[in-house]
Amino acid sequence: VSRFQCQLNQKVRESLCFCLSAKFVTQIFLVCALISLPECPPLGLESHRVEDDQLLASSQSHHGFSAQRGRLNMQGSDNDEDLYGGAWCAESEERDHWFQVDARREVEFTGVITQGRNSELHEDFVSSYFVAFSNDSSDWTLLHDGYAEWLFYGNVDKETPVMSQFATPVVARYIRILPQSWNGSLCLRYFFLNRSHHSENEVNPSDDLDFRHHNYKEMRQMMKVINEECPNITRIYNIGKSYQGLKMYAMEISDNPGEHEPGEPEFRYTAGLHGNEALGRELLLLLMQFLCKEYNDDNPRVRRLVDGVRIHLVPSLNPDAYELAYEMGSEMGNWALGHWTEEGYDIFQNFPDLNSILWGAEDRGWVPRIVPNHHIPLPENFFNGSLAVETKAVISWMDRNPFVLGANLQGGEKLVTYPFDMQRPPVSLTDNRRWRNNNEGALRETPDDAMFRWLAMSYAHSHLTMTETYRGSCHGDDITGGQGITNRASWKPVVGSMNDFSYLHTNCFELSIFLGCDKFPHESELPLEWENNREALLSFIEQVHRGIKGIVRDVDGNPLPNATISVEGIRHDVKTAVGGDYWRLLNPGEYKVTAKADGYTPQTRLCMVGYDSGATPCSFTLTKSNWDRIKHIMALHGKRPIRLITKVNVVKTTAASTVAAPSIDTEPENPANTHNIARRRRLRLMRLRRLRLQRLRAGLRTTPATTVTTTTTTASTTLPPETKRTTSWYDSWFPVDEWSTENPFDSVVFEAVPTQDYPFEYTID
């Protein structure tokens, strides 16, 4: 069909659409969708390049349905009676209805796209209309088809866009739509096509890049060309396959592609989670071209980025859905077409819900003793649950690479959101647990909220127009306070988001960047969008160097993977990578940082984060803990308690008359004696322990005995050094109540082999 329609001139195509629509009204949207012309770019209503004061209507049903609500794909409030409606709706008592756009200059209008009202309850749309033109907004001329006033047939449902193209372009400043018939209430969303004319909105890009939309085959070819131009810094790989078997391609850009370098952080940009949000996909393809070209041209900034960061770019996480949206074109796909995967999943909110696990553990006081505050394990059998094929591939990709920072590019709004994306449920008032009050009224903030806000602002304030919120957001009032950023849970909360999962399951801080009101902009607008986002894309990558970094080693210099890095005052830890290296994003300040690893003594350091670019080095060297040494020795000897022998203190005397001070325990003269000697030794120890317990019960205190030593040379008496009585270190393994008369060793089964003595000296940590 596409090859055939390219051979038709505008007159034939419009006549074909008109004739078919007159006979088969239900087929009009199918035919007209096939005749979109790339040389007819939009006027800019959906992208909000057309200002609100350029839109005018004959009337409005009430405030929430003004002319400014009539933009294509405008989304209404969840409550239809709320302030913002999903279309322009006219006053029902009016007789003459019209909607008008002022282009502010003369342009060549080539067509109109109409759409019904966005509403869950109402089915309102315009089914036929006239079109009129003017240069002074006073004298209007209705469009004729050569015989009579041209009646255009509009929509047959409320969501599917329908395009009607004119036989020949009409040059004018003003254009009006005059509805003639409608279903339900008179409600309309609209879009105008015009020939390319120079305007203040057009940009001549300074970068020689490929500004057009790429389907799956063209995207793959584009990445291959970039790889051939920069083979020393690029690598193409795939993170998995989609439901229909299309590979999810990624490009790595680094000075040593294919290998994780210790000390070099890893960064990721992902796009195309929703197939109809095509701007992020094209921006990443443009970023690939830009980095390759500028690196070869010795751009110092790009050189620092590529040499100092391992960058991963994934332009399409949902390739199946993008192909569907691409076939319909930039304006003919509705708000939802291509949003979900082939299986019907929204990838962004299809990840395991780890928030509920963390918050439930916090309410019970289990964090971090039982449930960690980071790297929360995945629920059992989660792969057997409702997870998309694409989601499973993304999770595996996250686990394989030690990402530090990342962002997913989306569309339909213009702002940056940061975690948490899920609202924390309120604690029941009937819950009388002692820790209930700790979470009452808690905000939906992460422990790293200040860091997330900085990261979000680094993109929004580097973007050329994201903070221009005086006109409001795409579909309502500005909810960012003029900053272009917001917490997702306070805006549109979702459960199981990619951002929350990344924060709680990995080291990566992930944000969502909504690039604009138009999810699938016309390719003529791509140069402008690239200029708006280029600096922000680069600046956000540079934030990966903010905070501290280092390597955790043992005393022999071996790296320690999976060591935990804790920052005092921030209840969220990170782990070291396979090479023992770590990165912790932090704002400028003084921090007490502790490194911990199993079997090693923790170490704490004071680390300073300054305002200069680059992360502060903060490495650790851990020593093996004594307890780990004890467990190791016990494992070598069957995990039996090891008896410690206190050194015997002997008083030196003359040879004529000498009495040695007795030791705490006298060793048999023959170490290889029979089993009876060992048995008597154990029985004597048990009797002594029972005697000590009885004395404790009676409240008696024993005094150490003094041994009198006489010599033949003097008549004086001397006292040997007093030996301090200590409890064996393994007594703590058998706790005994001081009022108990039960022998704690009665339940211990001793082997027939005598216990050996080991000449080790221990310092219990």
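This tour moves through a predicted model in four stops, from a sheet and its helices to a cluster of aromatic rings.

The structure is a predicted model, in which local features need pLDDT of at least 70, side-chain atom pairs count only at pLDDT 80 or more, and totals for chains, interfaces and linings use all residues. Residues are numbered from 1 along each chain as its sequence is written, and side-chain values use heavy atoms, with hydrogens and water left out.

**First stop: the sheet of 8 strands**

Select the strands in the order E9-E10-E12-E11-E13-E16-E14-E15; they form an open sheet with mixed pairing. Helices (H or I, at least four residues) and strands (E, at least two) are DSSP runs numbered from the N terminus, and two strands pair if DSSP finds at least two bridges between them. At the edges, strand E9 (234-241) and strand E15 (485-487) each pair on one side only. Direction ignored, neighbouring strands are turned by 25° against each other on average.

Next, select strand E14 (residues 413-418) together with E15: the two pair in the parallel sense over 3 bridges. Here Tyr418 stands opposite Asn487 of E15.

Now add helix H4 (residues 216-229), which packs on the sheet and touches E9 and strand E10 (247-253). Contact means heavy atoms within 4.5 Å. The direction of H4 makes about 25° with that of E10. Helix H10 also packs on this sheet, touching strand E11 (266-271), strand E13 (403-410), E14, E15 and strand E16 (509-516). The direction of H10 makes about 30° with that of E16.

**Second stop: H10 and H13**

Keep H10 (residues 449-460) and add helix H13 (residues 526-542); their axes come within 8 Å and cross at roughly 150°. Axes are lines fitted to C-alpha atoms, for helices over the stretch in contact, and angles run from 0 to 180 degrees between N-to-C directions. H10 and H13 are therefore roughly antiparallel to each other (under 35 degrees counts as roughly parallel, over 145 as roughly antiparallel, 65 to 115 as roughly perpendicular, the rest as oblique).

To see the contact, show Leu455, Ser458 and Tyr459 of H10 with Asn533, Ala536, Leu537, Ser539 and Phe540 of H13.

**Third stop: the sheet of 4 strands**

Select E19-E18-E21-E22, an open sheet in that order with antiparallel pairing. Strand E19 (570-575) and strand E22 (603-609) are its edge strands, and the twist averages 30° from one strand to the next. Strand E21 (residues 589-596) is joined to E22 by 7 bridges. Among the residues to label is Tyr591, which stands opposite Cys607 in E22.

**Fourth stop: the aromatic cluster**

Finally, show Trp88, Phe99, Phe109, Tyr129, Phe133, Trp150, Phe152, Phe166, Tyr190 and Phe192, which ring pairs link into a cluster. Rings of Phe, Tyr and Trp (its six-membered ring) pair if their centres lie within 6.5 Å; planes under 30 degrees apart count as stacked, over 60 as edge-to-face and the rest as tilted. The whole structure holds 26 aromatic pairs.

Zoom in on Phe99 and Tyr190: the ring centres are 3.5 Å apart and the planes stand at 45°, so the pair is tilted. Phe99 lies in strand E3 (residues 99-115) and Tyr190 in strand E8 (residues 187-194), so the pair ties together parts 91 residues apart in sequence. At 0% relative accessibility, Phe99 counts as buried, and Tyr190, at 0%, counts as buried (buried means under 20% relative accessible area, exposed over 50%, partly exposed in between; 1.4 Å probe, protein chains only).
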